[in-house]
Every structure is written in C-alpha cells, then in structure tokens.
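Got your viewer open? Let's take a walk through this protein, one selection at a time.

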Amino acid sequence: MNPSVPLARRGSSLAANLGLSERVFASSSDRSMAKAIDAGLEAVEAALEHEVSFADGIADVSTRYLLDAGGKRVRPMLTLLTAQLGNGATDDVVTAATAIEITHLASLYHDDVMDEAEKRRGVPSAQTVWGNSVAILTGDLLFARASQLMARLGERAIRLQADTFERLVLGQLHETVGAQPDDDPVAHYIQVLSDKTGSLIASAAQSGIVFSGADPALEQPAVEFGERIGVAFQLVDDVIDLSPQTEKTGKLPGTDLRAGVVTLPILKLRELATSDSASADLLERIERDVIAGAPPVGTFDTNTGEVRVPPSRSAVDALVAELREHEATRQTIAEAHRWARDAVAALAPLPDGSVKKALTRFADTIVERSS
C-alpha cells in the first residue's frame with residue numbers, strides 16, 4: 001500500500017520562504033524575529049509529524065503521503081509572523097498554525113480529485129495512487145483532525161475553522177458549477193480564488209493575531225492582507241501552471257487546462273478574442289484540443305465534416321506555450337501585481353517594524369514567482 005515516496009524537506013526558514021537577504025533584513029530586531037519564527041516552524045513541523053498520524057494503517061499511510069512530499073509551510077509561517085505582533089509563538093499559536101496547515105493539506109487531496117491532477121509536489125497525486133474515494137476520504141480525515149486541534153483553543157477557534165471550511169467548500173462548488181449567465185466571468189473567478197485560497201491564508205494571518213494576544217485592532221488588517229495576497233498567490237499559480245519547468249512546478253505544463261479548469265489567462269484570452277482575430281484563433285484551438293479534452297479516435301466533427309484524431313502531446317504542449325507568451329497571460333501577471341499591492345496597502349495600520357517589513361517582502365516574493 002505504501003507508494004514509497006521519498007521524504008522531501010520543506011522550506012526550513014523564514015529567510016528561505018521570503019527570499020530575504022542580509023541587505024533587506026539586516027537589523028538585530030529583524031534577525032531576532034526570524035530566529036523566533038524559525039523556532040516556531042520547527043515546533044509546527046514536529047506537531048505535524050505527530051498529528052498527521054493514525055492508528056489505522058491504511059489511514060496513516062494515505063494521510064502522511066503529501067506531508068512527506070514536502071511543502072513550504074507558507075500558511076503556518078504567516079501565523080507565526082503575525083503572532084510576533086503579540087506574545088509570539090505560544091503553544092496556542094503553534095496549535096493554530098498546525099491546524100491551518102493540516103486544513104491546507106486536506107484541501108490538496110480534494111483539489112487533485114476535482115482537477116484530475118496527475119502530480120502534486122513532484123509525486124503522483126493521491127488519487128492516482130489509491131483512487132478518488134481514498135483520496136477524498138483522506139482529505140476528510142485531515143479536515144477532522146484539524147478541527148480537533150482548533151477545538152482545543154475554544155469557541156472562537158472552532159468558529160474560525162468552520163467559517164474557513166465553509167468558504168473552501170463554496171469556492172470549490174462555484175468553481176465546479178461555473179459562472180452563471182448573469183455573472184461576470186472574471187469577477188466570478190476572483191471570488192472563487194478568494195474563497196478557495198484567500199480564505200485560508202487570511203485565516204492564517206488572523207490566527208496569529210488572535211491567539212498571540214495581539215491588539216484586536218490589527219486583526220482586520222491581517223485578514224485583508226491575507227485575503228488579497230491569497231488571490232495574488234493563486235493568480236501567479238495560474239501563470240506558473242503554464243510553465244515548462246516541471247522540475248520546479250512538479251506538474252505537467254498546463255495541468256489546469258488539460259483538466260478543463262478555466263483560469264484567468266483563458267478568461268483574459270476570451271475577452272481579447274472579441275476584438276482580435278489571432279486571439280480568437282488561439283482560443284478556438286485551446287478550447288477544442290485542450291480544454292474540451294482529446295476526442296476518441298475517429299470522432300466525426302459535424303461542423304467540419306472531418307474525422308478528428310486526438311491532438312498529440314507535443315501539439316498540446318505547443319498550445320500551452322503559445323498561451324504562456326500571449327498578452328492574456330501578461331494581463332494575468334499584471335492583475336496579480338495589483339492584488340499584491342492592495343495587500344501591502346492593507347498593512348498600513350500595522351506598526352512599522354520587522355513584521356510589517358517581512359509581510360511586505362512576502363507580498364513581493366509572491367509575485368516574483370511569475371518572472
């Protein structure tokens with residue numbers, strides 16, 4: 001049953017996650033904060049090893065599968081970072097950060113089933129190893145374990161976890177159903193990202209404030225920052241999905257497209273196609289040969305009167321590459337930068353200092369991934 005996945009190391013420090021340099025992050029207070037967060041990340045990692053384990057053998061193997069595959073621990077890092085505005089990485093903060101990362105982990109199992117993704121974190125996705133049912137049930141187990149952890153922190157934590165879980169599900173539901181006739185497709189898509197990605201990152205930033213005893217006035221700015229940077233994060237992922245560097249992404253180029261998932265580059269392409277014939281031609285080819293999926297051999301096309309054959313892997317790769325270099329993708333990158341700037345603007349009420357500097361640098365790092 002064990003697929004023998006090699007254990008991967010996570011991004012092990014605040015500096016590694018944020019790309020901080022001595023020049024940018026050089027003061028003694030900066031270094032002290034980074035050291036405290038790194039210690040907190042080690043505590044979270046130890047807690048993850050303990051909490052993502054089950055007495056049942058099958059459950060233990062499947063729940064640990066993606067944990068062992070690695071991860072940057074971005075969400076717990078944010079919790080530990082905003083907690084520095086209060087009493088730091090207390091036991092409650094570490095518990096909340098651990099629960100948030102387990103919630104994120106659970107969502108990956110479900111997302112990969114919905115998206116029919118073949119790989120995750122450089123390894124075969126869980127449903128390709130065990131099938132959809134085991135992958136979904138594994139995600140459910142992890143959601144349950146995260147809820148148990150949050151319950152230790154009291155009613156406020158339970159409510160926060162429940163509200164976040166609700167938004168995660170609504171985001172996936174609205175993505176699955178798609179925009180309705182009266183919806184603006186781009187606005188609908190941004191709301192999906194806000195629910196599916198922004199809500200959990202916002203919860204991570206909020207939890208650091210709440211469970212460290214920080215000034216409650218800082219809670220809303222932290223939420224707004226997390227929500228906005230979460231949207232920016234996913235928009236950059238839309239661009240990275242088109243990347244040919246599979247050794248970095250751990251996925252086939254155009255994984256979302258091949259699964260029929262419409263992301264912002266396609267929505268932008270559809271807008272451009274209304275007035276640009278080259279964009280319209282590219283859109284037609286992508287929707288026919290990539291998004292719609294390969295037709296069975298010998299399918300008769302009633303529009304052209306021809307017998308269609310499935311496009312080759314190289315033909316699909318070429319379409320993905322063409323979209324990657326298109327104006328639609330450049331507009332997606334610009335939109336990601338705008339959301340990141342708005343996230344930084346939300347930090348205005350935070351006191352100047354190491355935390356604010358690190359959060360600003362985090363926003364910069366998010367959008368730098370698209371270059």
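Before the first click, one term: a residue is called buried when its relative accessible area is under 20%, exposed when that area is over 50%, and partly exposed in between. Keep in mind, too, that you are looking at a predicted model.

**Stop 1: Thr 329**

Select Thr 329, which lies in helix H16 (residues 327-345). Is Thr 329 buried or exposed? Its relative accessible area is 2%, so Thr 329 is buried. Now show what surrounds it: leaving aside neighbours within four places in sequence, Thr 329 is in contact with Val 239, Leu 242, Pro 265, Leu 323 and Arg 324. Add Leu 267 to the view as well. Leu 267 and Thr 329 are 62 residues apart along the chain, yet their C-alpha atoms are separated by 9.9 Å.

**Stop 2: the nonpolar cores**

Next, colour the nonpolar side chains. In soluble globular proteins, such side chains tend to be buried together. Here the largest nonpolar core has 76 residues. To find your way into it, pick the residues with the most contacts inside this core: Leu 78, Phe 225, Ile 229, Leu 235, Leu 359 and Phe 362. Which helix gives the largest share of this core? That would be helix H5 (residues 91-115), with twelve residues. Another core, of 15 residues, lies apart from it, and among its members are Ala 273, Val 316, Val 320 and Leu 323.

Zoom in on Ile 229 for a moment. Not counting neighbours within four places in sequence, Ile 229 is in contact with Ile 201, Ala 340, Ala 343, Phe 362, Ala 363 and Ile 366.

**Stop 3: along helix H5**

Select H5 by itself. This helix is mostly covered, with 21 of its 25 residues buried. Try your distance tool on the C-alpha atoms at its two ends: they are 36 Å apart. That agrees with the expected span, because 25 residues at 1.5 Å a residue should cover 36 Å.

Within H5, click on Thr 98. Thr 98 is buried, since its relative accessible area is 2%. Its contacts, leaving aside neighbours within four places in sequence, are Val 44, Ala 47, Leu 48, Glu 51 and Leu 149.

Now move along to Asp 115, also in H5. Asp 115 counts as buried because its relative accessibility is 13%, and the cut-off is under 20%. Not counting residues up to four places away in sequence, Asp 115 touches Glu 175, Asp 256, Ala 259 and Val 261. How far apart in space are Asp 115 and Leu 257, C-alpha to C-alpha? The distance is 9.6 Å, although 142 residues separate them in sequence.

Following H5 comes Glu 116, with a positive phi near 55°. Most residues other than glycine have a negative phi.

**Stop 4: the second largest pocket**

Switch on a surface and look for the second largest pocket, which holds about 330 Å³ of space. Of the 17 residues lining this pocket, the closest to its centre are Glu 175, Thr 176, Gly 178, Val 261 and Val 262. Which helices each supply at least two residues of the lining? They are H5, helix H8 (155-177), helix H9 (185-210) and helix H13 (264-273). If you colour the lining by type, you get eight nonpolar, six polar and three charged residues.

**Stop 5: Ala 179**

Go to the loop between H8 and H9 and select Ala 179. At 37% relative accessibility, Ala 179 counts as partly exposed. Ala 179 touches Pro 185 and His 188, not counting residues up to four places away in sequence. The C-alpha atoms of Ala 179 and Val 192 are separated by 9.9 Å, and the two residues are 13 apart along the chain.

**Stop 6: Thr 63 and Arg 73**

To finish, select helix H3 (57-68), helix H4 (74-82) and the loop between them, where Arg 73 lies. Arg 73 has a positive phi of about 60° although it is not a glycine. Is Arg 73 buried or exposed? At 3% relative accessibility, Arg 73 counts as buried.

Your last click is Thr 63, found in H3. With 0% relative accessibility, Thr 63 counts as buried. Leaving aside its neighbours within four places in sequence, Thr 63 is in contact with Val 52, Phe 54, Leu 105, Tyr 109, Thr 138, Leu 141 and Leu 142.

Technical notes:
Residues numbered from 1 in each chain as written. Predicted model: local features only at pLDDT ≥ 70, side-chain atom pairs only at ≥ 80, totals over all residues. Heavy atoms only, no water. Core = buried A, V, L, I, M, F, W, Y, C linked by side-chain atoms within 4.5 Å. Buried < 20%, exposed > 50% of the residue type's maximum accessible area, 1.4 Å probe, protein only. Helix = DSSP H or I, 4+ residues; strand = E, 2+ residues; numbered from the N terminus. Contact = heavy atoms within 4.5 Å. Expected span 1.5 Å × (residues − 1). 1 Å grid on protein atoms, 1.4 Å probe; cavity = no way out; pocket = protein on both sides within 12 Å on 5 of 7 lines; lining within 4 Å. Points joined across faces, edges and corners; volume = space filled by probe spheres on them. Nonpolar A, V, L, I, M, F, W, Y, C, P; charged D, E, K, R; others polar.
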